[in-house]
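Got a fold to pick apart over coffee? Have a look at the sequence and the structure first, and then we can go through them together.

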Amino acid sequence: MPPKGKSGGKRGATGGGGSAERQAPAPKGGGSSVKVRHILCEKHSKIMEAMEKLKSGVRFSEVASQYSEDKARQGGDLGWMTRGSMVGPFQEAAFTLAVSGMDKPVYTDPPVKTKFGYHIIMVEGRK
């Protein structure tokens, strides 16, 4: 059988075109859907407490589980959301944020205000 591409198909775990590789260089604001997590609090004082926890190094999912007041899946995970399915300020922030992971999260600071309350938003993927 002829080899695949120039490397002979031996890319292993570090290559081969995995989805994470394609998402990482995506430009800010690009794509039509985002994989998003958030922390939602009705009161500004509570969201600021959550922000302080994040800044002190507590994992985003742990802070979301402890502080978020919505019914998002465990750890604030909202899953994949498309343009037009989110309220204006939330959508604008979600499509502006860089893609990041739990080890080094990039989130909205200051929190985003919507009709639902205050959100700290983190984007884990874009497509």
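What follows is a short round of questions and answers on this predicted model.

Q: What order do the helices and strands come in, from the N terminus on?
A: There are four helices and four strands to place in this protein. Reading from the N terminus on, the elements go α-β-α-α-β-α-β-β.

Q: In what order do the four strands sit in the sheet?
A: The sheet is an open one, and its pairing is antiparallel. Strand 1 (residues 33-41) pairs with strand 4 (residues 117-126) over eight bridges, and strand 1 also pairs with strand 2, over five bridges. Put the four strands side by side and the order is 2-1-4-3.

Q: Which strands stand at the edges of the sheet?
A: Start from the order, 2-1-4-3. An edge strand here has a single partner strand, so one side of it is left without a neighbour in the sheet. That picks out strand 2 (77-82) and strand 3 (112-114).

Q: How many degrees does the twist average from one strand to the next?
A: The sheet in question is the open one with antiparallel pairing. From one of its strands to the next, the twist averages 45 degrees.

Q: Which residue is the bridge partner of Arg-37 in strand 2?
A: Strand 1 is flanked by two partners, and the one of interest here is strand 2, which pairs with strand 1 in the antiparallel sense. Over on the strand 4 side, Leu-40 has His-119 as its bridge partner, and Cys-41 stands opposite Tyr-118. For Arg-37, the partner in strand 2 is Asp-77.

Q: How many of the nine residues of strand 1 are buried?
A: For the protein as a whole, 39% of the 127 residues are buried. Strand 1 is largely enclosed by the rest of the structure, because its count of buried residues is eight of the nine.

Q: Which strands does helix 4 touch when it packs on the sheet?
A: Helix 3 (residues 60-67) lies across strand 1 and strand 4, at about 45 degrees to strand 1. Helix 4 (residues 88-96) also packs on the sheet, and its direction makes about 35 degrees with that of strand 4. Its touching partners are strand 1, strand 2, strand 3 and strand 4.

Q: Which residues of helix 4 are buried?
A: What covers the buried residues of this helix includes strand 1, strand 2, strand 3 and strand 4. The covered ones are Phe-90, Gln-91, Ala-93, Ala-94 and Phe-95.

Q: Are helix 2 and helix 3 roughly parallel or roughly antiparallel?
A: Helix 2 (residues 44-55) packs against helix 3 at an angle of about 155 degrees, with the axes 10 Å apart. Angles over 145 degrees count as roughly antiparallel. So helix 2 is, relative to helix 3, roughly antiparallel.

Q: Which residues of helix 3 make the contact with helix 2?
A: The crossing of these two helices is right-handed. Helix 2 brings Lys-46, Glu-49, Ala-50, Lys-53 and Leu-54 to the contact. By class, the contact has five nonpolar, no polar and three charged residues. From helix 3 come Phe-60, Val-63 and Tyr-67.

Q: Which two residues does a cis peptide bond join?
A: Look in the loop between helix 4 and strand 3, where Pro-110 is found. Omega at the cis bond is about 15 degrees. The two residues joined are Asp-109 and Pro-110.

Terms used: Residues are numbered from 1 along each chain as its sequence is written. This is a predicted model: local features need pLDDT of at least 70, side-chain atom pairs count only at pLDDT 80 or more; totals for chains, interfaces and linings use all residues. Side-chain values use heavy atoms; hydrogens and water are left out. Two strands pair if DSSP finds at least two bridges between them. Axes are lines fitted to C-alpha atoms, for helices over the stretch in contact, and angles run from 0 to 180 degrees between N-to-C directions. Contact means heavy atoms within 4.5 Å. Buried means under 20% relative accessible area, exposed over 50%, partly exposed in between (1.4 Å probe, protein chains only). Angles under 35 degrees count as roughly parallel, over 145 as roughly antiparallel, 65 to 115 as roughly perpendicular and the rest as oblique. A crossing is left-handed if the near helix is turned anticlockwise from the far one by less than a right angle, and right-handed if clockwise. Ala, Val, Leu, Ile, Met, Phe, Trp, Tyr, Cys and Pro count as nonpolar, Asp, Glu, Lys and Arg as charged, and the others, Gly among them, as polar.
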